[in-house]
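Visitor: I am new to this structure and would like to learn how to read it, one feature at a time. Could you take me through it?

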Amino acid sequence: MDNARDCVTKGIIEAEDLKLLAVVDTYGYQCTGCDTQAFPRSYRPENLLRAHFQIRDPHGPNCKAEGESKILAQGKSGSVQQELETYPGLSPARLQLIDTRTIVDPALPRIEKQTQSVGRQDTTGNTARREGRRAANSIRPICRAFLCFPYDRHLSLEVPGVAPTTYQTAFKKLRSKGFELFAQARVFYGELAWSHAVESSEHLTISLNAGEWADKKLSPYQVIVHWQEWSAVARGRLKNELEVARKEGMEARKAKQASRSYLFFIGNQDAQNSALFHVMDHRLICTLHDELVFPPKTAVGSPSQ
Ligand SMILES: [Zn+2]
């Protein structure tokens, strides 16, 4: 499982965000749908595997999360809208960056505490519907839902600073048909290049396998991550995640699989050079490895490419 519930705050935590914590309480998490313990795995920043939660014991009665794997399987070939509206944690309705607070250790540096944002952000209602389409505190679960549920991209999505209001319209793929100018901020994404990211104390520069072809050579879109203000763990996490994604991408190509490694981000296009994007916040960039599916145009949630 990619997320679990914090036993104390009851907030949903992304496994990858455990990598930002100074201390991880391995007994501090439970299934998102019942009280069964969820054990964090590969959560150390240096782990070159994606973090996740493992459930060892049987789920509680009526646990909705138990059916998640079935929904994920169904979601690739058809709409699972009803399930997404009632199950916890699969399809966030909005991005809500929260600069708070609580949990655990008040001695933690501020940036780590931010990732522990807590509790129910829904104060307007407590119905199953609200629970199902919760707010996310980073783009990661939103981007995962984009990839996992191609037939449900008509669902609403609110992202501060991004004008379009559905999954279908809020995301924009960067392609290899020349550099495009984007008037509006979007959740941009593109296939990750196989080359290593280039690092300095001020920036991390990540190349995409997309951009403009000239003389049989691809001039790539590049994402410049401004990470001066980031904590060492946040920097380390991104670097390792990129390495994991790069390897996943190369292995998938070798094995002739349809899945690819994608970089997702919200950033500003450079005013002078349209090949460049600038990203400031570590919650607004992530990688995912999956198959990118665009349903046939006749289906619900037709492609926005
Ligand atoms: Zn459960």
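Guide: Let us begin with a single side chain, bearing in mind that this is a predicted model.

Visitor: Is histidine 59 buried, partly exposed or exposed, and why?

Guide: A residue counts as buried under 20% relative accessible area and as exposed over 50%, with partly exposed in between. Histidine 59 has a relative accessible area of 21%, so histidine 59 is partly exposed. Cysteine 31, by contrast, counts as buried because its relative accessibility is 0%.

Visitor: Which atoms coordinate the zinc ion?

Guide: To read a metal site, one looks for the donor atoms around the ion and then for where they sit along the chain. Here the zinc ion is coordinated by the SG atoms of Cys31, Cys34 and Cys63 together with ND1 of His59, at 2.0 to 2.4 Å. Along the chain these donors follow the spacing C-x2-C-x24-H-x3-C. Cysteine 31 lies in the loop between β3 (29-30) and β4 (38-41), while histidine 59 lies in the loop between β5 (52-55) and α1 (68-75), so that the pair, 28 residues apart, links distant parts of the chain.

Visitor: Why is the arrangement around the zinc ion called tetrahedral?

Guide: The ideal angle for four tetrahedral donors is 109.5 degrees. In this model the 4 donor atoms subtend angles of 105 to 115° around the zinc ion, and the arrangement is tetrahedral because four donors count as such if all angles lie between 85 and 135 degrees.

Visitor: How many disulfides does a search of the whole structure find?

Guide: The search finds 0 disulfides. As for cysteine 7, its relative accessible area of 25% makes this residue partly exposed.

Visitor: Which residues touch the most other members of the largest nonpolar core?

Guide: One reads a core by asking which residues belong to it and which elements supply them. The largest nonpolar core has 31 residues, and those touching the most other members are Ile139, Cys143, Phe146, Phe149, Tyr167, Phe171 and Phe264. Among the elements that each supply at least two residues of this core are α6 (167-170) and β13 (260-265), while α5 gives the most, with 6 residues. Domain 1 (3-152) and domain 2 (172-290) each contribute at least three residues to this core.

Visitor: What is phenylalanine 264 in contact with, leaving aside its neighbours within four places in sequence?

Guide: Its contacts include Ile139, Cys143, Phe146, Phe171, Val187 and Leu288. A second, separate core of 23 residues includes Leu208, Val223, Ala234 and Ile285.

Key:
Residues numbered from 1 in each chain as written. Predicted model: local features only at pLDDT ≥ 70, side-chain atom pairs only at ≥ 80, totals over all residues. Heavy atoms only, no water. Disulfide = S-S within 2.5 Å. Buried < 20%, exposed > 50% of the residue type's maximum accessible area, 1.4 Å probe, protein only. Donors = N, O, S within 2.8 Å, 3.2 Å for Na, K, Ca; no water. Tetrahedral: all angles 85-135°; square planar, octahedral: opposite > 155°, others 65-115°. Helix = DSSP H or I, 4+ residues; strand = E, 2+ residues; numbered from the N terminus. Core = buried A, V, L, I, M, F, W, Y, C linked by side-chain atoms within 4.5 Å. Domains from an automatic or database assignment. Contact = heavy atoms within 4.5 Å.
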